[in-house]
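Work through these short exercises with the model open beside you. Try each task before you read its solution.

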Amino acid sequence: MTEPPQSTPSTNNGTRHLLAFVAECPAECPVCDYSLRGLTQPRCPECGAELELRVGSPASTSARGPWR
Ligand SMILES: [Zn+2]
C-alpha cells in the first residue's frame with residue numbers, strides 16, 4: 001500500500017500537531033470511539049466530528065485521578 005501524495009495545503013499548526021499526535025499515539029473519537037490512529041485530516045472519518053488537539057495535564061484533573 002502506498003501513501004497518497006501530500007497535497008494538503010498549508011494547514012494550521014493545531015491541525016499539524018493533531019495529526020502528528022494521532023500518527024504516533026492511539027486516540028479515539030470522543031464522539032463515537034472510532035480509532036483515529038493515522039488520521040489524515042482533523043475530522044472523524046466515522047461520524048464526521050471535527051477534532052481539535054487539547055493540551056491537558058493529569059494534575060489538572062484532580063477529581064478523577066487514579067490516586068484519589
Ligand atoms: Zn467519531
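This is a predicted model. In its protein chain, 19% of the contacts between residues at least 6 apart in sequence join residues at least 24 apart.

**Exercise 1. Find how many helices and strands the protein chain has, and what percentage of its residues count as buried.**

Step 1. Look for helices and strands. The chain has one helix and zero strands.

Step 2. Turn to burial. Of the 68 residues, 7% count as buried.

**Exercise 2. Place leucine 36 in the chain and decide: buried or exposed?**

Step 1. Locate the residue. Leucine 36 lies in the segment after helix 1, which spans 13–24.

Step 2. Apply the cut-off. A residue is buried if 20 or more other C-beta atoms lie within 10 Å of its own. Leucine 36 has 23 such neighbours, so leucine 36 counts as buried.

Step 3. List its contacts. Beyond four places in sequence, leucine 36 is in contact with Val22, Ala27, Glu28, Cys29 and Cys44.

Step 4. Check a distance. Alanine 23 is 13 residues from leucine 36 in sequence, and their C-alpha atoms are 8.4 Å apart.

**Exercise 3. Do the same for proline 26: buried or exposed?**

Step 1. Locate the residue. Proline 26 is in the segment after helix 1.

Step 2. Apply the other cut-off. A residue is exposed if the count is 12 or fewer. Proline 26 has 8 C-beta neighbours inside 10 Å, so proline 26 counts as exposed.

Step 3. List its contacts. Leaving out residues up to four places away, proline 26 touches Ser35 and Arg37.

Step 4. Link the two residues. Proline 26 and leucine 36 are 10 residues apart along the chain, with 7.1 Å between their C-alpha atoms.

Note on methods. Residues are numbered from 1 along each chain as its sequence is written. This is a predicted model: local features need pLDDT of at least 70, side-chain atom pairs count only at pLDDT 80 or more; totals for chains, interfaces and linings use all residues. Helices (H or I, at least four residues) and strands (E, at least two) are DSSP runs, numbered from the N terminus. Two residues are in contact if their C-beta atoms, placed from the backbone, lie within 7 Å.
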